Amino acid sequence: MDQGSGAGPHRARGRLGAPSCGARAPGAPWARFSAWLECVCVVTFDLELGQALELVYPSDFQLTDKEKSSICYLSFPDSHSGCLGDTQFSFRIRQCGGQRRPWHMDDRHCDSGAPVSLQREPAHYFGYVYFRQVKDSSMKRGYFQKSLVLVSRLPFVRLFQALLSLVAPEYFDKLAPCLEAVCDEIDQWPAPVPGQTLNLPVMGVVLQVHIPSRADKPESGPPKQCSHENLLPAPVVLTSVHELDLFRCFRPVLAHVQLLWELMLLGEPLLVLAPSPAVSSEMVLALTSCLQPLKFCCDYRPYFTVHDSEFKEFTTRTQAPPSVVLGVTNPFFIKTLQHWPHVLRIGEPKMPGEAPGLRPRVLGTRASETLRPGHGACLVGDLPKQVKLKKPSRLKTLDTKPGLYTAYTTYLHRDKALLRRLLKGLQKKRPSDVQTAVLRRHLLELTQSFLRPLEHYMASLMPLQKSITPWKTPPQIHPFHQDDFLRSLEHSGPQLTCLLKGDRLGLYRWADSRRFFKSPHFDGWYRQRHKEMAQKLEALHLEAICEANIEIWMKDKSEVEVVDLVLKLRERLVRAQGHQLPVKEATLKRARLYIETVIGSLPKDLQVVLCPP
């Protein structure tokens, strides 16, 4: 492949071929490509070896044997799926052996501006798969079977699916030369900087995408598209790089959205058994996205097989089931994971042209729901066929019927108004993206209502600004006490801001004694908020120093104290310039001036040490 013509240094590319085990040279190459992808893999079926890794590109990208094995097995649907033709799905694997590619400063900058749920995964890889299985008499097995896999740390499922739909069919026809050209084009893409709308050329098509930013409002629609009068051909506009069609994914479980939201919030283990990797991976990704803006911090595997290296870890009975959402297609997991408290079995989806059933029917509910007025037992006529709630004891090893098998009782009542709106949308044949917007807004309001008391209490732990003085260490953030938080709920609880009925305080109290405060979700939320508050404290302290009269402070200070101040100011300046502190540009300029003033007051020998020529 020819050397790229984009700006910036590039090393000579390695040719496509067998996977190499050599590590990448530090600081080097492929900075632009690596901002989007780790590598591209091709997996084929070998009669003697089974699934085999045909090539990895760049050829010097290092994968461990365990990672190669996982990619090979997860890139093919298992024998129970029976996928013919082309299909797309995704998986997520644990990285083995620590970080091997040094992170560029641009990566950190992109992460600092991105929503926490869309930041790069530091310990996992996403695999985005385009699999083709078609009859081919020239092959020994009578079938052509091959997968093209994009491996990335970014959860941009919509973008990479769109990219694969352009690249994979062409690659399966033309093979290596096509893939080399595509990788060269990706290596010239601009970095995925949050808040920017980018034009990404590939194979004669321009994909126009908006990279989400923390500044974006969660409930707002897609941003206004850039003018593309001068772009030929006109770009293909993706409304989102990551959001799935939530309404389509949740069609069989719309009546249980509230229950599933609670299970996700509390970090409950859930097995999703689907008819294909495509349905499995989309359902798992939809479930993990329903907590936004709260980051889903539990483990999840959109597609998982018995060959996965974590199979024993997830299926052990010697300890409680882990907090993980597991998407599978092999019914064997029903037997293996019978001890799991929640199993969602999804049937075959309806064909696109098939009309939803119009016969009114009663949604299967537990007796406890039908006896409590307003708890949500309702007629769900005209909705697409809904899976029924069933007791876990009704799980059968063979021929398990579709259903949500759980003994969990929700704390929130089912929102009948939401179901009516979605039903009305179906009757009026509203586009799926409109239905998705209704559903996503409902889930957003649920999560925001749950988080509001936590945010209110967390804000009360921040020291007052008047307690921050320039020449003293800034005060510490007060500790989070669960008992104090629970007492605060009477005055600032979600019952004051949410119209949904139910025992909302019970959700916190149950969570306190069992799950939420011990779950990765609370730990992730608390760590992120504590980090942001600590950065705010540091920024306020820097502003206090810059507003003080430094010359008066230096009068009675020793050289050691003055040098210590220079070093601390420089450290904070570096952090602020790296976008790790929320500091105004005027404050940064003042800090630089202070450093110059302080250094100028020191003896010449110290000035040379602090400011070498």
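Strands E7 (residues 205-210) and E8 run parallel here, joined by 2 bridges. This is a predicted model, so read what follows with that in mind. The briefing starts with this sheet and moves on to a covered helix, the nonpolar cores, the aromatic rings and a loop threonine.

**The E6-E7-E8 sheet**

- The sheet is an open one of 3 strands, in the order E6-E7-E8, and its pairing is mixed.
- E6 and strand E8 (236-237) are the edge strands: each has a single partner strand, so one side of each has no neighbour in the sheet.
- On the parallel side, Gln208 has Val237 in E8 as its bridge partner.
- On the other side, E6 and E7 pair in the antiparallel sense, with 6 bridges, and Val202 sits opposite Val205 in E7.
- E6 and E7 make a hairpin with 2 residues between them, and Met203 in that turn has a positive phi of about 55 degrees.
- E6 has two distinct faces: Leu198, Leu200 and Val202 make up the covered one, while Thr197, Asn199 and Pro201 are on the uncovered one.

**Helix H5 and its cover**

- H5 spans residues 176-186, and its buried residues are Cys178, Leu179, Glu180, Val182, Cys183, Asp184 and Ile186.
- Among the elements covering those buried residues are helix H1 (31-34) and helix H4 (157-174).
- Strands contribute to that cover too, including E1 (39-46), E2 (50-57), E5 (143-152) and E6 (197-202).

**Nonpolar cores**

- The largest nonpolar core takes in 106 residues, and the ones with the most contacts inside it are Trp36, Leu148, Leu159, Phe250, Leu454 and Phe480.
- H4 supplies the largest share of this core, with 10 residues.
- There's also a second, separate core of 24 residues, which includes Ala539, Ala576, Leu588 and Ala591.
- As background, nonpolar side chains in soluble globular proteins tend to be buried together.
- Back in the largest core, Phe480 is worth a click: leaving out residues up to four places away in sequence, Phe480 touches Leu454, Tyr457, Met458, Leu461, Phe485, Phe517, Phe522, Trp525 and Tyr526.

**Aromatic rings**

- The model has 26 aromatic pairs in total.
- One of them is Tyr457 with Phe485: the ring centres are 5.8 Å apart and the planes are at 65 degrees, which is over the 60 needed, so this pair counts as edge-to-face.
- That pair links distant parts of the chain, with Tyr457 in helix H13 (residues 432-459) and Phe485 in helix H14 (residues 482-492), 28 residues apart.
- Both partners are under the 20% cut-off for buried: Tyr457 has a relative accessible area of 9%, and Phe485 has 0%.
- Tyr457 and Phe485 also belong to one aromatic cluster with Phe480, Phe517, Phe522, Trp525 and Tyr526.
- Elsewhere, a charge meets a ring: Arg92 lies over the face of Tyr300, 4.2 Å from the ring centre.

**Thr305 in its loop**

- Thr305 is in the loop that runs between strand E10 (299-301) and helix H9 (311-315).
- Despite the loop position, Thr305 is buried, because its relative accessible area is 5%, and the cut-off is under 20%.
- Apart from neighbours within four places in sequence, Thr305 is in contact with Tyr73, Leu74, Phe311 and Phe333.

Definitions and conventions: Residues are numbered from 1 along each chain as its sequence is written. This is a predicted model: local features need pLDDT of at least 70, side-chain atom pairs count only at pLDDT 80 or more; totals for chains, interfaces and linings use all residues. Side-chain values use heavy atoms; hydrogens and water are left out. Buried means under 20% relative accessible area, exposed over 50%, partly exposed in between (1.4 Å probe, protein chains only). Helices (H or I, at least four residues) and strands (E, at least two) are DSSP runs, numbered from the N terminus. Contact means heavy atoms within 4.5 Å. Rings of Phe, Tyr and Trp (its six-membered ring) pair if their centres lie within 6.5 Å; planes under 30 degrees apart count as stacked, over 60 as edge-to-face and the rest as tilted. A charge sits over a ring if NZ of Lys or CZ of Arg is within 6 Å of the ring centre and within 35 degrees of the ring normal. Two strands pair if DSSP finds at least two bridges between them. A nonpolar core is a set of buried Ala, Val, Leu, Ile, Met, Phe, Trp, Tyr and Cys residues joined through side-chain atoms within 4.5 Å.
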